[in-house]
Amino acid sequence: MSDAKALLILHGKQALNDEVREAVRQQRDYGWDLAVRVTWEPGDAQRLVAEALDAGYSKLVAGGGDGTLREVAEAMLEAQAQASLALMPLGSANDFAKAAGIPLDPFKALGLLDEPARWVDVGEMNGQPFVNMATGGFGSKVTASTSEDLKRVLGGGAYLLTGLTRFAEIHSARGRFSGPGFDWEGEFLALGIGNGRQAGGGQLLCPQAKIDDGLLDVCIVPAPADAVGTLGTLLSGGLLGVDAVSVSARVPWLEVEAPSAIDINLDGEPSTGAHLRFDVRAGALRLHLPADCPLLGPASSVP
């Protein structure tokens, strides 16, 4: 394999992960020249991507959760890199990986380097990229306030437990949403702008989303009188789940105007804003994904 060379950018918390070490060893035994670099502090992903590109690496691997994937992808976009990217899912929720069918086993995830890279979209909020999803309202507060210890013990279930224990804090936000052929205004409990399909430890907010259609899927959960019951349906999935309580749309861009700042979470990165513009950068990133990835449309291109 003449092009069997890649660099793994590994989240610092996973540096002593024995499964990762064994996966790297096995991948090298299969003939791959696989180097590993570990992040330590903010800005490392950007620096390591730049160093990898300067060294001639054409394949990178993000080893971590949705946030690590976003950081590495952002650095590649800023560098206008022609390199392709794979994901080794090592987060607590791994929402993007689970929806995309990426194996959670580190060695099997590295095996996707042998799959052709696909051009996929990247979402943006006020110019800030996200690969999976932007979430807003109470749901994003749950994501931001769930402790690392709880996530380590319970995985995605930690978000549900945190949400259940914070019902007393539920309050709605107000916003006006406008995009091509779509307008909605009112009070809402939760918001999902999906390039991918799920967030918050498995909450399927945008079940029909594709990452190669040039569109963003919108899910708004209006605030009814029974806010606790509605959020309970959202968090638990219920019999009908989000579909039973949400307003949805599929648009190439969306503008949100709010009287006060809305809490937003971009693939694990907390943010706020009262004036938000969501866009999609179609075909901006090359990802190594399973051949039967549910997030890809039938006409997905293979370079």
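Me: In this predicted model, what stands opposite G63 in strand 4?

Reply: M88 of strand 4 stands opposite G63. On the side of strand 1, residue L10 stands opposite G63 of strand 3.

Me: How do you know that strand 3 and strand 4 pair?

Reply: Pairing takes at least two bridges. Strand 3 and strand 4 (residues 84-89) have six, in the parallel sense, so they qualify as a pair. Strand 1 (residues 5-10) is joined to strand 3 by four bridges and also runs parallel to it, so that pair passes too.

Me: What makes a right-handed β-α-β unit with strand 3 and strand 4?

Reply: Helix 3 (residues 66-78) is the remaining part of that unit. The term right-handed applies because, with the strands pointing away from the viewer, the path from the first strand over the helix to the second runs clockwise.

Me: Why is strand 3 called largely enclosed by the rest of the structure?

Reply: A buried residue has under 20% relative accessible area. Six of the six residues in strand 3 (residues 59-64) are buried, so the strand is largely enclosed. In a regular strand, side chains alternate between the two faces of the sheet. Here both faces are covered, with K59, V61 and G63 buried on one side and L60, A62 and G64 buried on the other.

Me: Why is the aromatic pair of F177 and W184 called tilted, and not stacked or edge-to-face?

Reply: The ring centres of F177 and W184 are 5.8 Å apart, and the limit for a pair is 6.5 Å. Their planes meet at 50°. Stacked needs under 30 degrees and edge-to-face over 60, so the pair falls into the tilted class. Both F177 and W184 are buried.

Me: What makes the pair of F177 and F188 edge-to-face?

Reply: The planes of F177 and F188 stand at 75°, with the centres 5.4 Å apart, so the pair is edge-to-face. F177 belongs to strand 8 (residues 173-179) and F188 to strand 9 (residues 182-194), so the pair ties together parts 11 residues apart in sequence. F188 is buried, as is F177. With W184, these two residues form one aromatic cluster.

Me: How do you know that the charged end of R286 sits over the ring of W119?

Reply: R286 has its charged end 5.8 Å from the ring centre of W119. The distance limit is 6 Å, and the position must also lie within 35 degrees of the ring normal. K5 likewise lies over the face of Y57, at 4.7 Å from the ring centre.

Conventions:
Residues are numbered from 1 along each chain as its sequence is written. This is a predicted model: local features need pLDDT of at least 70, side-chain atom pairs count only at pLDDT 80 or more; totals for chains, interfaces and linings use all residues. Side-chain values use heavy atoms; hydrogens and water are left out. Rings of Phe, Tyr and Trp (its six-membered ring) pair if their centres lie within 6.5 Å; planes under 30 degrees apart count as stacked, over 60 as edge-to-face and the rest as tilted. Buried means under 20% relative accessible area, exposed over 50%, partly exposed in between (1.4 Å probe, protein chains only). Helices (H or I, at least four residues) and strands (E, at least two) are DSSP runs, numbered from the N terminus.
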